[in-house]
Structures are given as C-alpha cells and as structure tokens.
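Hi,

Here is the structure I promised to pass on. Have a look at it first, and then read my notes below.

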Amino acid sequence: MTPRTPAIESRLPQVGTTIFTVMSALAQAHGAVNLGQGFPDFDCDPRLVDAVTQAMRAGHNQYPPMTGVPALRDAVAAKIEALYGHRYDPASEVTITAGATQAIITAILALVHPGDEVIVLEPCYDSYAPSIELAGGRIVRVALTPGTFRPDFAAIAQALSPRTRAILVNTPHNPSATVWSADEMRRLEALLDPTDVIVIADEVYEHMVFDGAAHQSASRFPGLAARSVVISSFGKTFHVTGWKVGTVVAPAALSAEFRKVHQFNVFTVNTPVQHGLAAYLADARPYLELPAFYAAKRDRFRAGLAATPFELLPSEGSYFQCVRYDGLAPDLASMPEEAFCRWLTGELGVAAIPLSAFYADGTEQRIVRFCYAKREATLDEALARLARLGDRAA
C-alpha cells in the first residue's frame, strides 16, 4: 500500500520562494557579484565576538528571562533615551527578539484580530503581508508617492476606517532608501491622534541615515510613542545578520500583549549573544559612527554608477541604492524588472533585486535595488562589470 500524504489547505497559498532566494541562487550559478540580498560580506567588530565568547565562557549558556537579559534591556532603554529622548521602562517596555522579522509577525499576531484592517505602505518588506494574513487581518495597501517614495498622507487618511487596527511604517525605507522627515512623522502623529490605530514602526536601519540628517524614530514623538511598537535589529547595526537578535520597545500595555505571543513563539533568545551585546553597547561609537561608515560606501558606489547609463535615485538611509534603467538601449529598457535583473546577473555578473518584488501587484517602474553593504573590493568588481552598460545606452 502506498503511504498517503494528507491533503492540506495552505495558510499562505500565494506565497512561494522569495525573490531574494531566487536571485541569490542565480548569482551563485553565474558566479555573479551578489548585490541583491541585503547583508554585509565583511566581518563584524572582533570585540563583539570576544564579548560573546567571554559570555559563553562565563557560563551564560542556559535560558535567559523570556523578555531578555536585564543588562541588555537596560542598555537598549538607555540608548533610546540618549538618542531620541524617550525613556522606556526596561522591565515592562523592552523585549529582546529573535530578529526583526520575528518581532514583526509577533506584534501583528498579538495586536491584530481577524477582520481588522492593517495599512501597508508599498513598496514594502515582504514579511508584512503574510504576517497580516496569518493573523486573519485584511491588508489595505497604500502606495508611497511614485518616484519619490514619500508618504502620501491624503491616501493614508482615505485608507483609515473604523476597522483600521494598525499601520506599518518603515524608515529608513527598504527598498527605496528614503528617510521620513520630522515633519512627516508629526503629520502621521496628528493624523492618528483621534484614532486607536497602532503604529508598527520598522526601524531596523535606524543608524544608517546620511548627510547630517537624524533618524526620526517614532519614539521621538509623544503621540506616536504612546501607540507604537518600535522594532530594531542588532544584526543590521553590528553587521551580524545571522545572529538574528532584535528589539521591541512599546508602552507597557502593548508590550504585555506582545510578550504573550512572544513567549509561545520563540520564548526567548540566544543567551551569550545577549550578554555580549549588552557589554558591547557600553561603547556608543560603533553605532554613532555607522552613518559615516555606510555613507562612504554609498558615495563610492554612486560615483562608480555615475559612469553608467543608470539614473541614480537618492539614497538617504539604509544600505540600498535604487536605480532606473530606462536610459538603456530599448531592448533592455523595455524589459520587466525581474527579467532585467536576470539578464544583469547572467550577462554582466551582478545580481540586483527588482523593485516590483516589493509590490503585491508587481508594479513596474523600471527600477532595481542594489545593496552596497559590501567590501570595497566587492563594490569595485561590481562597478567594473556594470561599466559595460556604457555600450548599451539609449
């Protein structure tokens, strides 16, 4: 008798292999420089590794508290107060998570009920919509302004309804590299003031804001801080994306609900890494110097791209650079974004991500995204290959 595999009904029938996995596999197959997936190809500070190693040797290898190691929660609260002027209580308002993606889905599962509406500003990170669907929520998509990717407050206001439970806000923004201004955050604060809408603020690139600008955290604005779950990532900040450690700060009432789900989701997070991070945060220089570190990479990459037919869009924050390719020869300029990325990977040996992947309906704008969180040699090799596009200008 042939064993029977049970029939199942998928909870996420529209979800397949992500474009990031597809393009990374294609890059490997072609020996391409992978500027697609957003992670560094350089090492973190050896002092951070030493701090984690010391924590292991000191015996910090068993379960920590569900909410996180107290010393790390204290350090996170102190950092946010110093940078943004808002004091979170480490005991009741700071939670350590297994990365930002876990924080996002946990927040949504904790706070969104079946039938609730959640506003998502597109283009957006690909975990938002599946998380809302798993919670039984209804996704309400609002496009950021085409071309500039600034928030369209008239469209957001129109999307608000009595069923709106939450809005997801991401600044610095992945994929467009735009950064919300203080005025834009105040407009959001005023718009939501008469409502009970929760803000889920994805701020994983908080320490990558360039050209003298400041990151406008939801924590800075009292009306937003009172209704926001603010998410950040040690992996992004300290070049250790594989460690998967993040933070959530929120008012005590929201944190209590978040923790109810967190404890049954991952329960807790890697103990020695938490202790190592707590010790490492005693020195603020690594994250205070991050804007200059990444701005130098951005400027190097943009200078090289200037010699190509690409049109460079602003890169105000994060570690991404978006470009338009409609200045290329007609056969290339007319390609859909995913097809162009596949061509770029196979023919020139440089992998990128199509912006259309960040829209549910695959909106096409002839824009692709590069990641410049790479060693100088990696960027220079990619630029040397992209320079061949000079022969394919319109």
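Leaving aside its neighbours within four places in sequence, which residues is S356 in contact with (contact means heavy atoms within 4.5 Å)? They are E337, G362, T363 and E364.

Before the rest, a word on where this comes from. This is a predicted model, in which local features need pLDDT of at least 70 and side-chain atom pairs count only at pLDDT 80 or more, while totals for chains, interfaces and linings use all residues. Residues are numbered from 1 along each chain as its sequence is written, and side-chain values use heavy atoms, with hydrogens and water left out.

Back to S356: you'll find it in the loop between β12 and β13. (Strands are DSSP runs of E with at least two residues, helices are runs of H or I with at least four, and both are numbered from the N terminus.) S356 has a relative accessible area of 10%, so it counts as buried (buried is under 20%, exposed over 50%, partly exposed in between, with a 1.4 Å probe and protein chains only).

The two strands around that loop belong to an open sheet of four, in the order β9-β10-β13-β12, with antiparallel pairing. (Two strands pair if DSSP finds at least two bridges between them.) β9 (311–312) and β12 (353–354) are at the edges with a single partner strand each, so one side of each has no neighbour in the sheet. β12 pairs with β13 (residues 367–371) over two bridges, and I353 sits opposite R369 in β13. Helix α14 (residues 290–305) lies across β9, β10 (320–324) and β13, at about 15° to β10 (axes are lines fitted to C-alpha atoms, for helices over the stretch in contact, and angles run from 0 to 180 degrees between N-to-C directions).

There is also an open sheet of seven strands, ordered β2-β8-β7-β6-β5-β3-β4, with mixed pairing. Its edges are β2 (94–97) and β4 (138–143), each with a single partner strand, so one side of each is left without a neighbour in the sheet. From one strand to the next, the twist averages 20°. β2 and β8 (residues 246–249) pair in the antiparallel sense over four bridges, with T95 opposite V248. Helix α5 packs on this sheet, touching β2, β5 (164–170), β6 (198–202), β7 (228–233) and β8.

And how covered is α5? Nine of its 12 residues are buried, among them A100, I104 and L111.

Cheers

Note on methods: Contact means heavy atoms within 4.5 Å.
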